[in-house]
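I wanted a quick tour of this fold before doing anything else with it. These are my notes from going through it.

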Amino acid sequence: MTEHVWSYKSTAGHLAGTELTGYKVEAVDGSIGKVDKHSDEAGDAYLVVDTGVWIFGKEVLLPASAVVRIDVDEQKIYVDRTKEQIKDAPEFVREKHLHDPQYRQELGSYYGMGGPFGGPVV
């Protein structure tokens, strides 16, 4: 059974209420930045990652389902995407997209069944 794209996987080690701001985010092939904002709201969980020098001046929005493991001791979040896959996601502009349902659907399709990752369309 595939889990919802905007929910953490039960195996990720996420505990509701854990403050993730400032945690480093690791793609399968290297670091992508630090968590600038996050939500662990049921059915609407995500990470906003400040990519720093990797994609200069950009942020990316990752649905919670991309998280495979949270290491509280190291303050690192591991995601199951490559840097290139994250870079190729629909462009995120916080002021425009953070609460935009159409953008969420587009991003959900990219990370879900309609995109390259084979998950459900939301």
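The entries below go from the overall fold to the sheet, the core and a few single residues.

**Overall fold.** I'm working with a predicted model here. I looked up the secondary structure to start with and got three helices and six strands. Along the sequence they come as β-β-β-β-β-β-α-α-α. I then checked burial: 42% of the 122 residues count as buried. The accessible surface is about 6500 Å², and carbon and sulfur atoms own 50% of that. For contacts between residues at least 6 apart in sequence, I find that 50% join residues at least 24 apart.

**The sheet.** In what order do the six strands line up in the sheet? I read off β4-β3-β2-β1-β6-β5, an open sheet with mixed pairing. The edges are β4 and β5, each of which pairs on one side only. I get an average twist of 35° from one strand to the next.

I looked at two of the pairings in detail. β1 and β6 run parallel, with three bridges, and K24 has K76 in β6 as its bridge partner. On the other side of my check, β5 and β6 are antiparallel over four bridges, and there R69 is matched with Y78 of β6.

**Helix on the sheet.** Next I asked where α3 sits. It lies across β3 and β4, at about 70° to β4. In α3 I picked out S109, which is partly exposed because its relative accessibility is 22%, past the 20% limit for buried. I also noted a long-range pair: S109 and V5 are 104 residues apart in sequence, yet their C-alpha atoms are 9.0 Å apart in space.

**The core.** Nonpolar side chains tend to be buried together in soluble globular proteins, so I went looking for the cluster. The largest nonpolar core has 33 residues, and L47, L61, L62, I77 and V79 touch the most other members. I traced where the members come from: β1 (24–27), β2 (30–39), β3 (46–50), β4 (59–63), β5 (67–71), β6 (76–79) and α3 (101–111) each give at least two residues.

I took L62 as a test case. What does L62 contact once neighbours within four places in sequence are set aside? My list reads V25, I32, Y46, L47, V49, V79, I86 and Y111.

**The β5–β6 turn.** β5 and β6 make a hairpin with four residues between them. Most residues other than glycine have a negative phi. Here I stopped at Q75, which has a positive phi of about 55° and is not a glycine. Q75 belongs to the loop between β5 and β6. Buried or exposed? With a relative accessible area of 43%, Q75 is partly exposed.

**D71.** Last, I looked at D71, in strand β5. D71 counts as buried because its relative accessible area is 15%, under the 20% cut-off. I then checked what its side chain does: it reaches the backbone nitrogen of D73 at 3.1 Å. Beyond its neighbours within four places in sequence, D71 is in contact with Y23, K76 and Y78. Two of those names were already in my notes, as K76 is the bridge partner of K24 and Y78 that of R69.

Technical notes:
Residues are numbered from 1 along each chain as its sequence is written. This is a predicted model: local features need pLDDT of at least 70, side-chain atom pairs count only at pLDDT 80 or more; totals for chains, interfaces and linings use all residues. Side-chain values use heavy atoms; hydrogens and water are left out. Buried means under 20% relative accessible area, exposed over 50%, partly exposed in between (1.4 Å probe, protein chains only). Contact means heavy atoms within 4.5 Å. Accessible areas come from the Shrake-Rupley method with a 1.4 Å probe; for residues, only the protein chains shown count as cover. A nonpolar core is a set of buried Ala, Val, Leu, Ile, Met, Phe, Trp, Tyr and Cys residues joined through side-chain atoms within 4.5 Å. Two strands pair if DSSP finds at least two bridges between them. Axes are lines fitted to C-alpha atoms, for helices over the stretch in contact, and angles run from 0 to 180 degrees between N-to-C directions. A polar contact is a pair of N or O atoms within 3.5 Å; within protein, one must be able to donate a hydrogen and the other to accept it, and residues adjacent in sequence count only if both atoms are side-chain atoms.
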